[in-house]
Structures are given as C-alpha cells and as structure tokens.
Amino acid sequence: MAAPVLPFTLARDQQVLVEGDKLLIGPAATMFGLREARRRAGTPLDVNKLTTEDFEARLASLYQGGGGADEVDGELTFDLEERSSARGPRDLLEDGEEAPVIQLVNQLLRRAVRAGASDLHVEPNENGLRARMRVDGMLQSVMDRQDVPVRRVVSRLKVMAGLDISETRLPQDGHIALRLGGRAIDVRVSTLPGNYGERVVMRVLDRSAGLLPLDQLGLRPDQVVILERLASKPNGIILATGPTGSGKTTTLYSLLQLANDEIRNILTAEDPIEYDLPGISQSQINAEIGMTFAAGLRAALRQDPDIILVGEIRDHETASVAAQASLTGHLVFSSLHANGSVGAVVRLRDLGLDDFLIAATLRGVIAQRLLRKLCTECCEMAPPTVEESRHFTDAGMDVPPTIAHAKGCSTCLNTGYAGRIGIFEILEVSDTLRDAIDQGKSELQMKEKALAPDQTLFGQALYQVAEGKTSLAEALRVVGDAL
C-alpha cells in the first residue's frame, strides 16, 4: 500500500486528506492545510467536504491500514539525543522527524498493533537487542540487531509507561495510553532485570476492537443455548477457566453483555479493565493500596448489585466472599486457573472452599482454549491415518474422510495458520454432579458423570478438525494437557 501523501499530524491537525485525485476536507480545515495538500500532491485535486465523523473515519482508514514505513531493521542511525514529551496520549503515527530511538520504539509498537499481536517482547542479550511479538499465540521475531543502544530503548519505554528509569534492579509495572490513526490502544508494561539489561514485555489491548457476540467466539449453537441459560440464573457462580491468553475475559464480557438487560445492576472488579462496557460500572484493582479482588468484591456487594464480575479468583478470601455473595442472591462471574471445567471444582477445594459450599453455589464452568485456524490458501487435505482415526473413534465421533494439514505459504508467513478460533468445554452443574461434589468425588469420577467424550475440550477440538478449520497436530498441541 502506497504511503499517504500528507504526514499524519498535518492531515489530522489541518483536517485535510489526499486520496488519489481527491482532496477531502473536514469542517475545521485551514487555508494552510489546503495549500500544503495541493503543493504536496502536485496535481489538481477535486475538493470533497466531509462531516467531522466521516473525516475521522477516513483518516483512521487511510493511516492505520499500513501506509508509511513499518520496517524496524531499516537504516536508522543512533547518534542523536532523544527528546522527551510531557503531552498526553501520543499517536504512533507522529514520529516522522523524531530521534532514531523514538522512531524505533514507535515502529515496534505500530507493527505489533497492525499485526494484531497480543504481546510485544523487547529482550536485551549479549549481542544487542531482540524484539518479538506474539501473534495467534506464537512468538515471531521482529528485530534482532547489534547496533541498537539497549539502555536508551528500554529507558524510552519506561518513560512512556511512567516508570522510574533510575531503578534498574527491581521489576516495575506501568501502562502506556496510545492511539494509532484514531484507535485507542492500551499497553500494559512489565520490566524484569536480567544479565544484559532490563527485559520489557508489553501486553497490547486494542480498546476499540469491540466485543464479539457468543456465536462468533467459536461456540456451537447448543453451547450458546447453555450459556444463555446460565446468564439468566438469579444467583450462583459461573467460572471461565483456561491458561493465560485463552480468551477467558472476552467470554466473561460477552456473558455480561448477554445478562445486561437494563433491569439488573452490574458491577465489575478487574485487573486490568480491558474493554469499556456501556451501562456497566467497572472498577480497577490496585493491590498496592489495598484494592484487592476480595476488597473490590466486598465493596461491590454494598452497591446493591444483581451481577458481579470478579476478574480472577486466586486466593481463599476471594473464593469465600464470592461464595457468600452467591448464597445471598447474587450472580457472580469470575475466572479461575484450571485445566478443564471439572478441574475448577478441585481448584476451588484447593483454595479452601468446603464441598457443600461449592455444590451449593457453583452453577456452571466454561473451559476454553484458542486454536490456530488453518490458512485457506495452502492447507492440504488427506485421509486420516489409523492413529489419527483413533482419536475420533475414542471420542465416539465419526471419522471424517479427509482432514486438513498445515503447509505454509507467503500469505501466512509460512506458518500454515492465520487467525484463531475458540473451543469450549461447558459444564452445567446438574443434580448428579452436585451430589458428586458434595460427596468429595475425585476429578476423574466427576468427569465421567458430567461430560461425554465429545463434549470435552479435545472432543470440541476434533469437531473443528473434522470441519477443516484446524489441524489435528494443532489440537494435540493446545489441548494435550486436558486429555
């Protein structure tokens, strides 16, 4: 895609855009902007007037789509002093004339956002500096250079995140508020001292991405029905489980949107607040000043709530308060680290909850994972081998005539995959399972009563394999720990 004719800051501040032979102007366009646009275009332009909303939409579309340099291994020299800025949230497209270190940092962040990366790693090593980003759950190298001034790059990131640049011996956490062509981006920053300097890992949250309805998360129609039933419960605890980055928060947010019927008071206690939810009161957890999950939950209970979202149950105190809240007529959503849905019961026991309390309060558990989707340009179909067929037979499923395999092409950067899809193991606590929990049964005994083989995480992954959306190798890689 060709670079835009005008620098981003000029186009935004003067409200002028050049698209082909058209000059798009906003209500606040200036004479300077008009003259500069015509001068840079060098050809006659047809003027089109836009409203403020239409102009901002065109500005975002033109500049966030990839126009401009995105390479971070290009010809940047590091012999200039960097300049700091005390302004508010800066836009990543504003780096045209700034010092090389600032350009490099902005290019790294811009590339991560445009690639849809969930994390960006900046890692000093004995040879210089390496940068990697996590796309579709897998790390990809972005830069590995020896001539980069490591301390200055790390210091730049710490300044942007509001961290203490003089403290290099202790880990620090902060955040950066950014914009990319009008899109609001929140970056959570974590530093960790190492042998060759401080390592910086950034979690990238696109606050303008929006939430998906349940049927677009990868849920099967029968599972959507179960979740709608769970969201309409008057009280109890509903948990989402899975490893970090498996989409638990997205699922819980979608459930909250489902339960948000304007007649129920909904409060949250989160760390961090990943998306703004209209009509829902959201609170940020800050353990350093005593605002823990348990404290936030107790405070929410004094706000006359009907539904409460607790970001995570990680200790006995939070688990106990959540259980008491459900007993007093509240519906509590939360996340928990466990391998599967039945494993959540064992985890709650480990946190100190009594069996009778778990049986009385737990209404449902959603275990989930994210599988990489096969690239539609290069995947290859082949009949399953005897070993591959065995997985389907063991799950009580029909063996498909062919299954897809990843190959790799230029479209998917030779990974064989593009994008991800969710798989879900949904456990609705029945009377039979409630009795098993109350009797202190083991995880294996409860799983036999609660889930058919094709309803487990691996069974749901096999459905995606049979439909050609992912490979069996990917299913085994992601869900192997939940077999």
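**Notebook: backbone exceptions and cysteines**

I located Asp-304 in the loop that runs between helix H8 (293-301) and strand E14 (307-310). The model I am reading is predicted. Although Asp-304 is not a glycine, I found its phi to be positive, about 50 degrees. I then looked up its accessibility: Asp-304 counts as exposed, at 63%.

I turned next to Gln-15, another residue that is not a glycine and yet has a positive phi, here about 55 degrees. I placed Gln-15 in the loop between helix H1 (8-14) and strand E1 (16-19). Is Gln-15 buried or exposed? I noted a relative accessible area of 13%, so Gln-15 is buried.

For the peptide bonds, I recorded a cis bond joining Asp-271 and Pro-272, with omega at about -5 degrees. I found Pro-272 in the loop between strand E12 (266-270) and strand E13 (281-284).

I then examined the cysteines. How many disulfides does the count come to? I obtained 0 disulfides, with the cut-off for a pair of cysteine sulfur atoms set at within 2.5 Å. For Cys-378, I found the closest cysteine sulfur in Cys-409, 3.7 Å away, which is too far for a bond. For Cys-412, the closest cysteine sulfur is also in Cys-409; I read that separation as 3.8 Å, again too far for a bond.

Finally, I checked the burial of these two residues. I entered Cys-378 as buried, because its relative accessible area is 8%. I entered Cys-412 as buried likewise, with a relative accessible area of 5%.

Key. Residues are numbered from 1 along each chain as its sequence is written. This is a predicted model: local features need pLDDT of at least 70, side-chain atom pairs count only at pLDDT 80 or more; totals for chains, interfaces and linings use all residues. Side-chain values use heavy atoms; hydrogens and water are left out. Buried means under 20% relative accessible area, exposed over 50%, partly exposed in between (1.4 Å probe, protein chains only). Helices (H or I, at least four residues) and strands (E, at least two) are DSSP runs, numbered from the N terminus.
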